[in-house]
Amino acid sequence: MSNVRYLELARQQKKTEGVLELALLPRLEQALRELGVDDAQALSAVSVVYQMQGLPPRYFGDTQLPMLSLAMQTTLPLICQRCFAPLPQALDAQFEFAICDEPPEALLEDEDVDWLEAGAESGIESLVEDELLMALPIAVMHEEECTPLQKSSGEKPNPFAVLKNLKLDK
Ligand SMILES: [Zn+2]
C-alpha cells in the first residue's frame with residue numbers, strides 16, 4: 001500500500017484492516033531474536049492485527065491536514081530477561097498520523113500525533129513495523145522474584161544439569 005492510498009483513506013475516512021505474519025516483518029523478527037527469543041514455533045505463531053482508519057482532518061496551527069489512525073494488536077513471545085522463561089506480552093497500541101510533506105511547527109510539537117509524508121514510498125508493513133519496534137518492551141521480567149539462571153558467557157543452561165539436581169533432591 002502506498003502513501004497515495006493513505007491520503008485517499010484519510011480523505012475518504014475509510015478503514016482498512018488486515019493481519020501481518022512475522023515473515024512480513026523481518027526487522028521485528030530480528031529484534032525479537034536479539035532479545036533472546038529463539039523458539040521457532042513461538043516466532044512463527046506471531047501475527048499482528050491492524051486497523052487503519054481515516055479520521056476527520058485536523059488543524060495544526062493554521063494548517064488543516066488529513067488524519068489517519070493506526071491500531072494494532074499482537075502478542076509477542078518475549079522471554080523474561082532474568083530467568084529466560086517465556087513471558088508473552090500482549091500489545092494493544094494506537095497511533096495517529098497527520099499526512100503532509102512539510103510538518104507545521106504545531107504538528108512537530110504535538111507529541112500524540114506523528115506524521116506521514118504524502119509522497120513517501122513505504123508499505124503498511126513497514127509502518128506497522130516501525131511503530132512496533134518503538135513500542136517493543138525490551139526488558140520484560142516476571143513481577144515476582146524469579147531465579148536468575150547461571151549463564152556462562154552466552155552458553156545456554158544445560159537442561160541435564162537441572163535433571164541431575166532433581167534426582168539428588170529425592
Ligand atoms: Zn523470570
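**Exercise 1. Contacts and overall make-up**

Task: For contacts in the protein with a separation of 6 or more, find what share comes from residues 24 or more positions apart. Then list the secondary structure and the buried share.

Solution.
Step 1. Take the contacts with a separation of 6 or more; residues 24 or more positions apart account for 66% of them. The model is a predicted one.
Step 2. Count the elements. The protein has six helices and five strands.
Step 3. Put them in sequence order. The pattern reads α-β-α-α-β-β-β-α-β-α-α.
Step 4. Turn to burial. Of the 170 residues, 19% are buried.

**Exercise 2. Strand order in the sheet**

Task: In what order do the five strands lie, and which strands are at the edges?

Solution.
Step 1. Go through the pairs in turn. β1 and β2 are antiparallel, with seven bridges. In this pair, threonine 16 has methionine 52 of β2 as its bridge partner.
Step 2. β2 (residues 47–60) and β3 (residues 63–76) are antiparallel too, joined by ten bridges. Valine 49 faces glutamine 73 of β3. Tyrosine 59 has glutamine 64 of β3 as its bridge partner.
Step 3. β3 and β4 are antiparallel over ten bridges. Here methionine 72 is opposite alanine 93 of β4.
Step 4. β4 and β5 run parallel, with four bridges. Glutamate 96 is opposite valine 113 of β5.
Step 5. Assemble the pairs. The sheet is open, its order is β1-β2-β3-β4-β5, and its pairing is mixed.
Step 6. Find the edges. β1 (15–21) and β5 (113–116) each pair on one side only, which leaves them as the edge strands. From one strand to the next, the twist averages 30°.

**Exercise 3. The β2–β3 connection**

Task: How many residues separate β2 from β3 in their hairpin, and which glycine in the turn has a positive phi?

Solution.
Step 1. Establish the pairing. β2 and β3 run antiparallel.
Step 2. Look at the link. Two residues lie between the strands of this hairpin.
Step 3. Check the backbone in the turn. Glycine 61 has a positive phi of about 65°.

**Exercise 4. Helix α5 against the sheet and α2**

Task: Which strands does helix α5 touch, and at what angle do the axes of α2 and α5 cross?

Solution.
Step 1. Start with the sheet. Helix α5 (residues 124–135) packs on it and touches β1, β2, β3 and β4 (89–99). The directions of α5 and β3 make an angle of about 70°.
Step 2. Move to the helix pair. Two packed helices are described by the angle and the distance between their axes.
Step 3. Apply this to the pair. The axes of α2 (residues 26–34) and α5 come within 9 Å and cross at roughly 20°.
Step 4. Classify the angle. Angles under 35 degrees count as roughly parallel. α2 and α5 are therefore roughly parallel to each other.
Step 5. Name the residues. α2 brings Arg27, Leu28 and Ala31, and α5 brings Glu129, Leu132 and Leu133.
Step 6. Sort them by type. Four are nonpolar, none is polar and two are charged.

**Exercise 5. The nonpolar core**

Task: How many residues does the largest nonpolar core have, and which element gives the most to it?

Solution.
Step 1. Count. The largest nonpolar core has 28 residues.
Step 2. List the contributors. α1 (3–12), α2, β2, β3, β4 and α5 each give two or more residues. β3 gives the most, with six.
Step 3. Find the hubs. Leu68 and Ile99 have the most contacts inside the core.
Step 4. Trace one hub. Beyond neighbours within four places in sequence, isoleucine 99 contacts Tyr6, Leu7, Ala10, Leu65, Pro66, Leu68, Leu116 and Ala118.

**Exercise 6. Positive phi outside glycine**

Task: Where do glutamine 13 and phenylalanine 84 lie, and are they buried, exposed or partly exposed?

Solution.
Step 1. Recall the background. Most residues other than glycine have a negative phi.
Step 2. Take glutamine 13. Its phi is near 50°, a positive value. Glutamine 13 sits in the loop between α1 and β1.
Step 3. Assess its surroundings. Glutamine 13 has 14 other C-beta atoms within 10 Å, so it is partly exposed.
Step 4. Take phenylalanine 84. Its phi is positive, about 65°. Phenylalanine 84 is in the loop between β3 and β4.
Step 5. Count again. Phenylalanine 84 has 15 C-beta neighbours inside 10 Å and therefore counts as partly exposed.

How values were computed:
Residues numbered from 1 in each chain as written. Predicted model: local features only at pLDDT ≥ 70, side-chain atom pairs only at ≥ 80, totals over all residues. Pairing = 2+ DSSP bridges. Axes fitted to C-alpha atoms, helices over the stretch in contact; angles between N-to-C directions. Contact = placed C-beta atoms within 7 Å. Buried ≥ 20, exposed ≤ 12 C-beta atoms within 10 Å, placed from the backbone. Parallel < 35°, antiparallel > 145°, perpendicular 65-115°, else oblique. Nonpolar A, V, L, I, M, F, W, Y, C, P; charged D, E, K, R; others polar. Core = buried A, V, L, I, M, F, W, Y, C linked by C-beta atoms within 7 Å.
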